[in-house]
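This report describes one protein chain, with attention to its aromatic contacts, a few secondary structure elements and some backbone details. Please read it beside the sequence and the structure.

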Amino acid sequence: MIEPGQALAVLQDPRSLPGLRDVTYLPPRVGAYGREAGARAEGVMRVGQWEVGLRVLLPLGFPFVLPEVEITNAHELPRHPHVSGWGGSVCYIRASGVMVDQTDPAGVVAFAVDETRRTLEEGWLDPQHAAREWRREFGALWAQACGLASAVSFLKVDDVMRPVWVGIQVITPPLPSPAVRGVSFAALDARREQAGAARGATRNRRRGGREKPSSRWKVVWVADDPGPPPGLPLARKGAKVRRALYVPLPEAPVPPLPRLPGWDENYGSGWDGEGVRGGVREMLGAEGRSRLDALLEQGQVGDDAVMLLSVPRAREGRTLVGLTSHGLGGVHPLAAGQEGQRRLPDPDLFALHQVDRGTLQARGGAHLELAGRRVLLIGCGSVGGHAAQMLASAGVGHLTLMDSDRLAWENAFRHTMGLLGLHAAKVEALAQDLHARVPYVSVTPVPRMLPLGAGDDVPGLRGFDLVIDATGEPTVSLSLAARPDLFGSTPVLHTWLEPLGLGGHAMVSRPGEGCYTCLLVRDDPAAPLSFGPAFAQPGQDFQLDELGCGSYYAPFSDLDARRTAELATRLALDVLRSRVGGAVLRSWRGDAAEFRAHGYVTTPWYDQVTPDVLGGGIAYRSAGCPRCGGSA
């Protein structure tokens, strides 16, 4: 970081301000968004046919913080998708991962000025590029025009025009607007009061001179169903439900831009009553207008109407925006045949925060196609608890958790719940935690273990897309392999880890294609069965205890449990997405130093197998398996 006096010298460097003329240097002040500037310079840059006044500010922390660039005569220039309406601030960095040489401060300033020129030229001189950027920035511009008016959207944003639902709340007084650069809050409030009084007087005249003020309300949520999705943290006391209309706009043309409060009328066309009436219908085209008219004929229009418009973005997805019209007198703003009719009142604009499943899962890297998948997870200890969190975050829509244990102090350092839900059933604590953490997931806790006797009839075990055995108990895994009738044709994934960081495994078995029993070996007929691809030599006792019988536990860390849970979850997702077929084993191999330091012995398999084989997976199937009927 350089001192303010040095910052001024940086700006005066001949390399710092390429293409600027008539440069003057100004004392420090607070820049856009309240960031204090250590030094400033103003000049004029020619961009196409326009003379652009630029102000370059070096914030405190420069050059570790990039310079701010503002346009001083923004009102005299065409609107630009990357120039803020509140202060003329230019967003000249759009690519992520841009690095500059902080040892060359003058070069950093020159980079900012050059990028500003490029940004302005693309927005003003390249119509196709500008159209893409306007679509990308439309939601942000709409939000600026709305001030604090916003709602939460659970709506599925697609290209299907349809009636939807909104929740509303009565509001008094009108919503405030954020301060506009150079205009005080008091001045803005006065303007809004004058505009509101004028609209109210006009509305009263249209109602026959009645002076009774109309009740105003705001939209607080929108959804496809008459209420927000259950289980989501949205408490709106007293919200009423009413119908609205969702109208997806086509890819062309670019919708008119909303006018920002406090700006000149010619800076954006605005969305007044007449603009909505004619503009939206024109953008829809003949087919869209036909669908719109059919929907309007089905519903009744009162004195108010809510419209939700979606604008296609430049790359993918849609931006959702909202309008509320009051004082309609039974005529919908988008209805046909209104030419020559009375002027419609201007609508209230509101922004929408899209929190629908598709938007949130795409942002979080989850898979939308897993929303309808059902997974049964047996065992919710260290590995199973982490796997439950990962499956939900990956987009699996329905989880059934089965475990009879309760959370205890001993679980604190290697269970995902820690001490949260202490003494509660693990599955119930996990279910509550998942509902609080991950939206749109359905979790069913079953606080008991699966009866696995040969004659046990357990209802409700069909219909799952995957069963995961995360108990780490070989007897449970063997019992599941012995009862292929329990889950029908559903694949079963077994996962467990080995002690002291030696490794972990995840294997998927399918009826008739390979099962847990296929990988069991017995070197001596008198010896117990052991897992063939194990890393630890069989016959060793790894269990520890604190109080003798009944307090045994396996020595492994939370990091090992997480790594194994991730291995199992990735394999589970591949199965659910049909990216893996047949019976497959995947493993991770850790460092054996601690394991061997305790005097334990590894298997030849641990030393022979390579990481790429373990991670890529091994297809297995034992000839003549007594359980699954596999054959070579």
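Are Phe542 and Tyr600 buried or exposed? Both Phe542 and Tyr600 are buried. The model is predicted, and the values below are computed from it.

**The chain as a whole**

The chain has 632 residues, of which 48% count as buried. Its secondary structure comprises 13 helices and 21 strands. Among contacts with a separation of 6 or more, 68% are between residues 24 or more positions apart. The exposed area of the chain is about 30,600 Å², and carbon and sulfur atoms supply 52% of this area.

**Aromatic pairs and charges over rings**

There are ten aromatic pairs in the structure. In one of them, the ring planes of Tyr516 and Phe531 meet at 20° with the centres 6.4 Å apart, so this pair is stacked. Tyr516 belongs to the loop between β17 (503-509) and β18 (520-521), while Phe531 belongs to strand β19 (residues 530-531), so the pair ties together parts 15 residues apart in sequence. Tyr516 and Phe531 are both buried.

Phe542 and Tyr600 make an edge-to-face pair, with 75° between the planes and 4.8 Å from centre to centre. Phe542 sits in the loop between β19 and α10 (558-576) and Tyr600 in the loop between α11 (593-597) and α12 (604-608); the pair thus links distant parts of the chain, 58 residues apart. Elsewhere, one aromatic cluster is formed by Phe138, Trp142 and Trp271.

Two arginines lie over aromatic rings, as listed here.

| Arginine | Ring | Distance from the ring centre |
|---|---|---|
| Arg414 | Phe556 | 3.6 Å |
| Arg589 | Tyr606 | 5.3 Å |

The loop that holds Tyr600 also contains Thr603, which is found between α11 and α12. With a relative accessibility of 8%, Thr603 counts as buried because the cut-off for buried is under 20%. Leaving out residues up to four places away in sequence, Thr603 touches Ala534, Phe535, Ala536, Gln537 and Pro538.

**Helix α7**

Helix α7 (residues 382-393) consists of twelve residues and spans 17 Å from its first C-alpha to its last, close to the 16 Å expected at 1.5 Å a residue. How many residues of α7 are buried? Ten of the twelve are, and the helix is mostly covered. The buried residues include Val383, His386, Gln389 and Leu391. Against which elements do the buried residues of α7 pack? They pack against four strands and two helices: β12 (374-378), β13 (398-402), β15 (466-469), β16 (492-498), α8 (426-437) and α10. Gly395, just after α7, takes a positive phi of about 110°.

**Strands β7 and β10**

Strand β7 (residues 217-223) is also mostly covered, with six of its seven residues buried. Two strands that pair with β7 are described here. Strand β5 (residues 150-153) pairs with β7 in the parallel sense over two bridges, and Ser153 stands opposite Val222 of β7. Strand β6 (residues 162-170) runs antiparallel to β7 and is joined to it by six bridges; here Trp165 has Ala223 of β7 as its bridge partner.

Thr324 is located in strand β10 (residues 318-325). Its relative accessible area is 3%, so Thr324 is buried. Which residues are in contact with Thr324, leaving aside its neighbours within four places in sequence? They are Trp217, Val219, Ala305, Val306, Pro347, Asp348 and Phe350.

**Backbone details**

The peptide bond between Phe62 and Pro63 is cis, with omega of about 10°. Pro63 is in the loop between β3 (50-59) and β4 (68-71).

His423 and Tyr440 have positive phi values without being glycine. Phi of His423 is near 75°, and the residue is found in the loop between β13 and α8. Phi of Tyr440 is about 65°; Tyr440 lies in the loop between α8 and β14 (442-446). At 16% relative accessibility, Tyr440 counts as buried.

How values were computed:
Residues are numbered from 1 along each chain as its sequence is written. This is a predicted model: local features need pLDDT of at least 70, side-chain atom pairs count only at pLDDT 80 or more; totals for chains, interfaces and linings use all residues. Side-chain values use heavy atoms; hydrogens and water are left out. Rings of Phe, Tyr and Trp (its six-membered ring) pair if their centres lie within 6.5 Å; planes under 30 degrees apart count as stacked, over 60 as edge-to-face and the rest as tilted. Buried means under 20% relative accessible area, exposed over 50%, partly exposed in between (1.4 Å probe, protein chains only). A charge sits over a ring if NZ of Lys or CZ of Arg is within 6 Å of the ring centre and within 35 degrees of the ring normal. The expected span of a helix is 1.5 Å times one less than its number of residues. Contact means heavy atoms within 4.5 Å. Two strands pair if DSSP finds at least two bridges between them. Accessible areas come from the Shrake-Rupley method with a 1.4 Å probe; for residues, only the protein chains shown count as cover.
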